[in-house]
Amino acid sequence: MLEPGTQIEMTKGYKGVKGVVMERTGSEFEFYVVKLENGIHMVAGPSAFVVLEKD
């Protein structure tokens, strides 16, 4: 499970766009509310992004 504030980069759909995990949804599946750097908020599962390492 990812913590809020985790930096991600999309690998599907908005491929290459970076963002941040805002929260986990109430779904029984591992879905997250993600805020992308282009201003879009979306729900995505872990197969749609990779976690970026902290600097």
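User: In which sense do β1 and β2 pair, and over how many bridges?

Analyst: Happy to start there: β1 and β2 pair in the antiparallel sense, over three bridges. Two strands count as paired if DSSP finds at least two bridges between them, so three bridges between β1 and β2 satisfy the rule. Strands here are DSSP runs of E, at least two residues long, numbered from the N terminus. This is a predicted model, with pLDDT of at least 70 needed for local features and 80 or more for side-chain atom pairs, while totals for chains, interfaces and linings use all residues. Residues are numbered from 1 along each chain as its sequence is written, and side-chain values use heavy atoms, leaving out hydrogens and water.

User: Which residues does Ile8 stand opposite in β2 and in β5?

Analyst: In β2, Ile8 stands opposite Gly19; in β5, Ile8 stands opposite Val51. β1 is paired with β5 (residues 49-51) in the antiparallel sense, over three bridges. Gly19, in turn, stands opposite Leu36 in β3.

User: How do you know that β3 pairs with β2 and with β4?

Analyst: By the bridge count again: β2 and β3 share five bridges in the antiparallel sense, and β3 shares four with β4 (residues 41-44), again antiparallel. Val33 in β3 is the bridge partner of Glu23, and Val33 has Val43 as its partner in β4. The hairpin of β3 and β4 has four residues between the strands, and Gly39 takes a positive phi near 95° there.

User: Why is Thr6 called buried?

Analyst: Thr6 has 17% relative accessibility. Buried means under 20% relative accessible area, exposed means over 50%, and partly exposed lies in between (1.4 Å probe, protein chains only); 17% falls under the first limit, so Thr6 is buried. Thr6 is found in the segment before β1. Leaving aside neighbours within four places in sequence, Thr6 is in contact (heavy atoms within 4.5 Å) with Gly19, Val20, Val21 and Val51.

User: And why is Met22 called partly exposed?

Analyst: At 38% relative accessibility, Met22 sits between the two limits, so it counts as partly exposed. Met22 is found in strand β2. Apart from neighbours within four places in sequence, Met22 is in contact with Pro4, Val33, Val34 and Lys35. The C-alpha atoms of Met22 and Gln7, 15 residues apart in sequence, are 9.7 Å apart in space.

User: Which residues make up the largest nonpolar core?

Analyst: There are 10 in all: Ile8, Met10, Val17, Val21, Tyr32, Val34, Leu36, Ala44, Ala48 and Phe49. β1 (7-10) and β3 each supply at least two residues, and β3 gives the most, with three. A nonpolar core is a set of buried Ala, Val, Leu, Ile, Met, Phe, Trp, Tyr and Cys residues joined through side-chain atoms within 4.5 Å. In soluble globular proteins, nonpolar side chains tend to be buried together.

User: What makes the two faces of β1 and of β3 unlike each other?

Analyst: Along β1 the side chains alternate: Ile8 and Met10 point to one face and are buried, while Gln7 and Glu9 point to the other and are not. β3 has a covered face made of Tyr32, Val34 and Leu36, and an uncovered one with Val33 and Lys35. Setting aside residues up to four places away in sequence, Met10 touches Lys15, Gly16, Val17, Leu36, Met42, Ala48 and Phe49.

User: Where is Leu2, and what does it touch?

Analyst: Leu2 is in the segment before β1. Not counting residues up to four places away in sequence, Leu2 touches Val21, Tyr32, Phe49 and Val51. Leu2 and Val21 are 19 residues apart in sequence, with 7.6 Å between their C-alpha atoms.

User: Which residues form a nonpolar patch on the surface?

Analyst: Phe29, Phe31 and Val43 do, with about 290 Å² of accessible area together (Shrake-Rupley method, 1.4 Å probe; for residues, only the protein chains shown count as cover).

User: How accessible is Phe31, and why does it count as partly exposed?

Analyst: Phe31 has 34% relative accessibility, so it counts as partly exposed. Phe31 is found in the loop between β2 (18-24) and β3 (32-36).

Definitions and conventions:
Patches are made of residues with over 30% relative accessible area and no salt bridge: like charges are joined within 9 Å, nonpolar side chains (Val, Leu, Ile, Met, Phe, Trp, Tyr) within 5 Å. A salt bridge is a side-chain nitrogen of Lys or Arg within 4 Å of a carboxyl oxygen of Asp or Glu.
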